[in-house]
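User: I am new to this structure and would like a close look at a single part of it. Please describe that part in one connected account, and then place it within the whole.

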Amino acid sequence: MKVDDNKKKNLLEEAIGGGGGRVILVEDRVETSGSFVLHHLLKSSFSSDSPPSVVIFVALSRPFSHYHRISKKLGCNLLIQKENNRLFFLDMLKLQCPAGDARNNDNNVLVELFGKIQNAVEISSSLEYNKSDITIMIDDLSLLEIATHGSVDQGCSLVILNHEDIYSDVLDRRLLSQVEYLADVVIKAEPLATGLSADVHGQLTVWNKGNFGENRHSRNTVSNFHFKVKENGVDYFYPGSLT
């Protein structure tokens, strides 16, 4: 039985839930990239069905042209969002770290990044944009940790992509474990347990630790479903529902 298209597209949003002021961690692996989740959330932030929102995108992995090209395929023009001050793209690939003491360089990286984010938040909080939700996205956390030599000691939402399988032991996972603990939603992109498939590219596990129902009691939920990345979007479906 084939899943209804609208239901298929909304599985991820339903699993994550709504509301601002949350931390969302996306974990992936080398053989199963989770970057499509960032593109999905980026497009959703600018959807006409969503409340007015501003995205501060911290890019340590790829240049703006990469995200713009993929978003255009999804029907979202990031260049227009930048011109309208709905998207603040911080290209950390162009960040120049001065020579000298490594500790001072680490501090300079974080200070400059914080200053850029603070400036974007101030602009977004001006009279023209004060009704907007603010989401900060980082792609990806592991590269920020490298840039600072491991020295990473809010009415905003925070979306972070990190690679789970780059850590060789438990001690190396300390930063990731801390982020997992702080995150309201953890999204894990993993390969299928049964191996490679032409129709299914992997599986998503969404652990929502801060999903509040109508009675305002926290509902800790775990959702599991499969996904297939296509040229102009992603299909989400429950295991066994695709025929």
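Analyst: In this predicted model, the side chains of R29 and E190 meet in a salt bridge, with N and O 3.9 Å apart. A salt bridge here is a side-chain nitrogen of Lys or Arg within 4 Å of a carboxyl oxygen of Asp or Glu. Since the model is predicted, local features need pLDDT of at least 70 and side-chain atom pairs count only at pLDDT 80 or more, while totals for chains, interfaces and linings use all residues. Residues are numbered from 1 along each chain as its sequence is written, and side-chain values use heavy atoms, with hydrogens and water left out.

R29 is partly exposed, at a relative accessible area of 27%. Buried means under 20% relative accessible area, exposed means over 50%, and partly exposed is in between (1.4 Å probe, protein chains only). The other partner, E190, lies in strand β6, residues 185-190. Helices (H or I, at least four residues) and strands (E, at least two) are DSSP runs, numbered from the N terminus. Leaving aside neighbours within four places in sequence, E190 is in contact with R29, T32, G202, Q203 and T205; contact means heavy atoms within 4.5 Å. The C-alpha atoms of E190 and E164 are separated by 9.9 Å, and these two residues are 26 apart along the chain.

T32, one of the contacts of E190, sits in the loop between β1 (23-28) and α2. With a relative accessibility of 3%, T32 counts as buried. Beyond four places in sequence, T32 touches A189, E190, P191, H201, G202 and F227. G202 is thus on the contact list of T32 and also on that of E190.

Helix α2 covers residues 35-45. Nine of its 11 residues are buried, so α2 is largely enclosed by the rest of the structure. The buried ones are S35, F36, V37, L38, H39, H40, L41, L42 and S45.

Strand β6 also holds I187 and K188. I187 touches L12, I16, I24, L25, V26, E27, V37, L204, T205 and V206, not counting residues up to four places away in sequence. K188 forms a salt bridge with E180, the closest N and O atoms being 3.7 Å apart. K188 is partly exposed at 21% relative accessible area, whereas E180 counts as buried at 17%.

A further salt bridge joins the side chains of D235 and K230 (3.3 Å, N to O). D235 is buried, with a relative accessible area of 15%, and K230 is partly exposed, with 40%. Salt bridges that share partners join E27, E180 and K188 into one network. A search of the whole structure finds five salt bridges.

I187 leads on to the packing of nonpolar residues. A nonpolar core is a set of buried Ala, Val, Leu, Ile, Met, Phe, Trp, Tyr and Cys residues joined through side-chain atoms within 4.5 Å. The largest such core has 33 residues, of which L12, F57, I187, L204 and Y236 touch the most other members. Its largest share, five residues, comes from helix α2. Apart from this core lies another, of 23 residues, among them F88, I117, I136 and L158. In soluble globular proteins, nonpolar side chains tend to be buried together.

F57 stands opposite M137 in β4. Strand β2 (residues 53-59) and β4 pair in the parallel sense over seven bridges; two strands pair if DSSP finds at least two bridges between them. Six of the seven residues of β4 (residues 133-139) are buried, so this strand is largely enclosed by the rest of the structure.

For the whole, the chain has seven helices and nine strands. Of its 243 residues, 44% count as buried. The mean pLDDT, the predictor's confidence in each residue from 0 to 100, is 76 for the chain, and 72% of the residues reach 70 or more. It stays under 50 over residues 97-103, for which the model has five contacts beyond four places in sequence. Residues 212-216 also stay under 50, with three such contacts. Where pLDDT is low, the predicted coordinates should not be read in detail.
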